[in-house]
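Biologist: I am new to reading models like this one. Could we go through the terms slowly, with a reason for each label?

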Amino acid sequence: MTPLYVTQPSLATLERYSELLGGVWERGILTHNGPLVQRLEKELQARLGVRHLATVTNGTIALQLAIRALGLKGEIITTPFTWVATVSAILWEGCRPVFADIDPETLNIDPECIEEKITRDTVAILPVHVYGNPCDTVTIGDIARRHGLKVIYDGAHAFDVRYRGAPVVEEGDVTALSFHATKLFNTGEGGACVSTDPELDERIRRLRFFGHNTKKDVVEVGLNGKMTEIHAALGLVNLEIADAVAAKRHHDAGQYRALFRGHPDLRFQKHDPEAYNDSYFPLIFRDEEQLLRVERALNDEQIFPRRYFYPTVNTLNAILPYVAMPIAEDISRRICCLPLYRNLTQEDITRIADIVLEHL
Ligand code: T4K
């Protein structure tokens, strides 16, 4: 039995990738803002409809660079329902994460909970577009303006999402994207910072390149966050198949939804179909016992869904003191992402859904 994992990377053909790599070999330029990195940035800007996009080595570094470029020092309000990278980036940059609980329907940070967490030390809000579902950017923007706070969106899952007719990744001061192998669009490892302000974009570019300015003088403390030509080449060819990848995912997620819709024990993340990239297929169960029973049954058939995100990051005692986040913790115990990727067949989806429904 071929195992079915939660995801598999969407990859263009090896032939197509080799074609671009041929040029890399000829030029001998592997990194330092080479021609393919520049081309990928232009193509991503055009595809996503954004003005400033700087590629980096991964989504975690994108978050760190965003925090650093905005000069943040103090408390950053964020969600407990996310991958550990959201919080480790805050800690790594010497700031303090303060959690605000989530909306049980959208699974994004609840704007009402943000406001009550604001103190004199708050410097920013760092919400996550969870599974690509856009946050309430209007209310969050309004809170930030009223309190003089910066906003960084963790858009690791939000590739290609348009919300209210505009790219959601242009909301806030900076949005951090991830192009990890498991993401909708991937460069193997990779990521990007999207910013709305040209000076901020320039600073991010400087910080990702050892703090060099365009003349290569060191003008501040930077790090090495540069994407290589090898990764950019993969990004360029994967961008060519991005429409086909998106169409297949929307179709397959729709098929899952049709098979589960109406079951009294199952629930989907509340989302606007026009602003959802189906980058994951999260399913919310009645309780954890039911989820574990289904997970065991799937594992017995060599099917491996993933409990994104379990446990919630506010419970990670090794890096943070615990603060209760009842809604996020409840959802986290009973949510699971089912396999969703390009090579999954219609039979696979039906088989997975049958096993789920049989073991509820
Ligand atoms: N913010 C948020 C909200 C995020 O979700 C993430 C990352 C970040 C920030 C940080 O972005 P990056 O710094 O990673 O760019 C994955 C990813 O490592 C991570 O990128 C992602 N979020 C997180 C949600 O999930 P795992 O622990 O699930 O990976 P793994 O190795 O268990 O892979 C899952 C399945 O994917 C495997 O069962 C098989 C398949 N797979 C995986 C890899 C790596 C492949 O088929 N090929 C592969 O190369 O973490």
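Modeller: Happily! Domain bounds are taken from an automatic or database domain assignment. For this protein, the assignment gives domain 1 (14-240) and domain 2 (242-358). This is a predicted model, where local features need pLDDT of at least 70 and side-chain atom pairs count only at pLDDT 80 or more, while totals for chains, interfaces and linings use all residues. Residues are numbered from 1 along each chain as its sequence is written, and side-chain values use heavy atoms, with hydrogens and water left out.

Biologist: How do you know that domain 1 and domain 2 are in contact, and how many residues does each give?

Modeller: Contact means heavy atoms within 4.5 Å. The centres of the two domains, taken over C-alpha atoms, are 25 Å apart. The contact between them takes 35 residues from domain 1 and 33 from domain 2.

Biologist: What makes an open space a pocket?

Modeller: On a 1 Å grid over the protein atoms alone, a pocket is an open set of points with protein on both sides within 12 Å along at least five of seven lines, and its lining residues have an atom within 4 Å of a point. The largest pocket has a volume of about 390 Å³; a volume is the space filled by probe spheres set on the points, which are joined across faces, edges and corners. The lining has 24 residues, and those nearest the centre are Trp-83, Ala-85, Ala-156, Ser-178 and Lys-183. The elements α3, α4 and β9 (174-178) each give two or more residues to that lining. Both domains take part, with at least three residues from each.

Biologist: And what makes a space a cavity instead?

Modeller: In a cavity, a 1.4 Å probe fits but cannot get out. The search finds 5 cavities of 30 Å³ or more, and the largest holds about 70 Å³ of space. Its lining includes Val-6, Arg-249 and Tyr-308. By class, that lining has 6 nonpolar, 3 polar and 1 charged residues. Here Ala, Val, Leu, Ile, Met, Phe, Trp, Tyr, Cys and Pro count as nonpolar, Asp, Glu, Lys and Arg as charged, and the others, Gly among them, as polar.

Biologist: Why is α4 called a helix, and which of its residues are buried?

Modeller: Helices are DSSP runs of H or I with at least four residues, strands are runs of E with at least two, and both are numbered from the N terminus. Helix α4 covers residues 84-92, and its buried residues are Ala-85, Thr-86, Val-87, Ala-89 and Ile-90. Buried means under 20% relative accessible area, exposed means over 50%, and partly exposed lies in between (1.4 Å probe, protein chains only). The buried residues of α4 pack against α3 (59-69), β3 (75-78), β4 (96-99), β5 (122-126) and β6 (150-154).

Biologist: Why is Pro-80 counted as buried or exposed?

Modeller: Pro-80 has 0% relative accessibility, so it counts as buried. It sits in the loop between β3 and α4. Leaving aside neighbours within four places in sequence, its contacts include Phe-99, Asp-101, Thr-312 and Met-325.

Biologist: How do you know how many disulfides there are?

Modeller: A disulfide is a pair of cysteine sulfur atoms within 2.5 Å. The search of the whole structure finds 0. For Cys-113, the nearest cysteine sulfur, that of Cys-135, is 13 Å away. The sulfur of Cys-193 is 15 Å from the closest one, in Cys-95, so that is too far for a bond. Cys-193 is buried, because its relative accessibility is 1%.

Biologist: What makes a backbone angle worth pointing out?

Modeller: Most residues other than glycine have a negative phi, and most peptide bonds are trans. Asp-278 is not a glycine, yet its phi is positive, about 50 degrees. With a relative accessible area of 3%, Asp-278 is buried. Gln-302 also is not a glycine and has a positive phi, about 65 degrees. Its relative accessible area is 31%, so Gln-302 is partly exposed.

Biologist: Where do cis peptide bonds occur?

Modeller: One joins Tyr-308 and Phe-309, with omega about -5 degrees. Another joins Tyr-310 and Pro-311, with omega about -5 degrees. Phe-309 lies in the loop between β12 (303-304) and α11 (326-333), and Pro-311 is in the loop between β12 and α11 too.
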